[in-house]
Amino acid sequence: MNSQDKIIDLRSDTVTKPGEAMRRVMATAPVGDDVYGDDPTVNRLEAMTAELLGFEASAFATSGTQANLIGILAHCQRGDEYIVGQTAHTFAHEAGGAAVFGSVQPQPIEFELDSTLDLNKVAAKIKPDDFHFARTRLFCLENTHNGQALPRPYLTDAGNFARAHGLKFHLDGARLINAAVAQGVEAAELTRPFDSSTLCLSKGLGAPVGSLLCGDREFIHEAKKWRKMAGGGMRQAGILAAAGIYALENNIDRLAEDHALAEKLAGHLKKFAAKNFQVGEAQTNMVFVQMDGQRSLELADFLGKHGVLVNPGAEFRLVTHLDVTAADIDYFVQLLEEFFQAD
Ligand SMILES: *Cc1c(COP(=O)(O)O)cnc(C)c1O
């Protein structure tokens with residue numbers, strides 16, 4: 001077991017648990033009924049996030065999935081289409097919600113290696129105005145995607161492209177702040193080309209629950225109707241929003257530590273690089289490794305016995321976050337040494 005007898009969880013940055021200080025602000029947050037618009041803490045979080053991301057307004061949602069869903073439903077009508085990356089969360093990991101709840105058809109497109117969507121490939125999939133086709137209405141990107149921060153000039157080009165084609169432009173910004181910290185820019189710089197953006201509080205920012213959808217006032221008004229319909233009208237949600245405010249006030253700059261730790265981890269893992277174990281460059285707070293799928297199950301089993309959790313697979317990610325320390329990474333690397341010695 002490691003020195004602190006602690007579980008080191010490298011599966012995701014969603015696993016962080018609120019610390020004492022965050023729990024204190026939650027316990028003492030002023031609250032009201034947010035369905036009446038009466039919760040001062042939710043109102044404050046929504047105003048703070050809208051300002052941070054450079055939009056007029058925002059809506060506090062139960063999850064990133066719900067925030068993306070109500071965003072797509074507010075942009076699109078039944079029978080419309082959204083263009084989205086093949087492995088994007090909004091297409092591949094949200095249980096088909098836009099199609100199920102909104103009758104909005106996805107048009108997936110393979111990502112390029114840098115997590116952009118090739119605008120020529122996107123253009124080729126925009127449907128002509130003809131009753132045979134769904135009406136292409138929305139273009140979605142994801143930043144970060146697989147930990148990769150999208151190149152800034154691309155965001156500008158993609159925004160101009162969307163406008164030129166009369167498409168609305170939505171960002172799944174679950175880990176947008178990781179991108180902003182990694183590129184040393186304000187989050188609002190990265191969202192400027194977009195009509196709407198989400199942000200997850202429950203990833204690297206360390207809050208237990210919650211995401212926001214941002215956009216102009218009219219759009220957020222519409223999205224709040226969909227949020228209500230999707231069961232996301234919460235009452236004294238200020239207890240949760242308080243954790244989000246704490247996260248925005250305290251946990252943004254420290255994301256740089258997670259990125260540095262991921263880089264350190266990638267550097268160490270290169271030592272084990274071999275035909276059956278390949279390591280990518282660190283991307284913000286993630287390192288991707290590739291290995292034989294069966295061997296990865298054995299590795300996960302071995303690590304699990306020593307208090308370290310990973311999601312095994314032929315390709316899997318190791319994720320740093322505010323509950324992972326430099327000592328934890330050293331301990332993890334030491335375990336890998338033991339594991340690979342047996343080879
Ligand atoms: C985590 C995540 C979401 C939202 O996930 P929830 O678990 O529903 O909060 C959306 N997009 C991306 C890229 C994500 O990583």
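**Exercise 1. Determine whether Thr284 is buried or exposed in this predicted model, and describe its backbone.**

Solution. Begin with accessibility: the relative accessible area of Thr284 is 12%. Buried means under 20%, so Thr284 is buried. Next, locate the residue: Thr284 belongs to the loop between strand E9 (277-279) and strand E10 (286-291). Finally, consider the backbone: phi of Thr284 is near 40°, a positive value in a residue other than glycine. Most residues other than glycine have a negative phi.

**Exercise 2. Carry out the analysis of Exercise 1 for Ser103, and classify its accessibility.**

Solution. Ser103 lies in the loop between helix H5 (97-102) and strand E4 (105-109). Its phi is near 50°, again a positive value in a residue other than glycine. The relative accessibility of Ser103 is 35%. Since partly exposed is the class between 20% and 50%, Ser103 counts as partly exposed.

**Exercise 3. Establish how strand E6 (residues 168-172) is placed in the structure, and which strands pair with E6.**

Solution. First, assess burial: four of the five residues of E6 are buried, so the strand is largely enclosed by the rest of the structure.

Second, examine the pairing with strand E5 (residues 135-142): E5 and E6 are parallel and share five bridges. In one of these pairings, Glu142 has Asp172 of E6 as its bridge partner. The connection runs from E5 through helix H7 (residues 152-164) to E6, a β-α-β crossover that is right-handed. The loop between E5 and H7 contains Thr144, and the peptide bond joining Asn143 and Thr144 is cis, with omega about 0°.

Third, turn to strand E7 (residues 196-200): E6 and E7 also run parallel, joined by two bridges. Here the bridge partner of Leu171 is Ser197.

**Exercise 4. Describe the surroundings of Ser197.**

Solution. Ser197 is part of strand E7. Its relative accessible area is 0%, so the residue is buried. Neighbours within four places in sequence are then set aside; the contacts of Ser197 include Leu53, Phe55, His170, Leu171, Gly173, Leu212 and Cys214.

**Exercise 5. Classify the ring pairs Phe139 with Phe169 and Phe339 with Phe340.**

Solution. A pair of aromatic rings is described by the distance of the centres and the angle of the planes. The structure holds seven aromatic pairs. For Phe139 and Phe169, the centres are 5.2 Å apart and the planes lie at 25°; as planes under 30 degrees apart count as stacked, this pair is stacked. The pair links distant parts of the chain, with Phe139 in E5 and Phe169 in E6, 30 residues apart. Both partners are buried: Phe139 has a relative accessible area of 0%, and Phe169 has one of 1%.

For Phe339 and Phe340, the centres are 5.4 Å apart and the planes make an angle of 80°, an edge-to-face arrangement. Phe339 and Phe340 are likewise buried. Ring pairs link these two residues with Phe272, Phe277 and Phe302 into a cluster.

**Exercise 6. State which ring Lys225 lies over.**

Solution. Lys225 lies over the face of Trp226, and the distance from the ring centre is 5.1 Å.

**Exercise 7. Describe the division of the chain into domains and the contact between them.**

Solution. Domain 1 comprises 8-15 + 254-341, and domain 2 comprises 31-250. Their C-alpha centres are 29 Å apart. At their contact, 14 residues of domain 1 meet 15 residues of domain 2.

How values were computed: Residues numbered from 1 in each chain as written. Predicted model: local features only at pLDDT ≥ 70, side-chain atom pairs only at ≥ 80, totals over all residues. Heavy atoms only, no water. Buried < 20%, exposed > 50% of the residue type's maximum accessible area, 1.4 Å probe, protein only. Pairing = 2+ DSSP bridges. Right-handed = clockwise from strand over helix to strand, strands pointing away. Contact = heavy atoms within 4.5 Å. Phe/Tyr/Trp six-rings, centres within 6.5 Å; stacked < 30°, edge-to-face > 60°. Lys NZ or Arg CZ within 6 Å of the ring centre and 35° of its normal. Domains from an automatic or database assignment.
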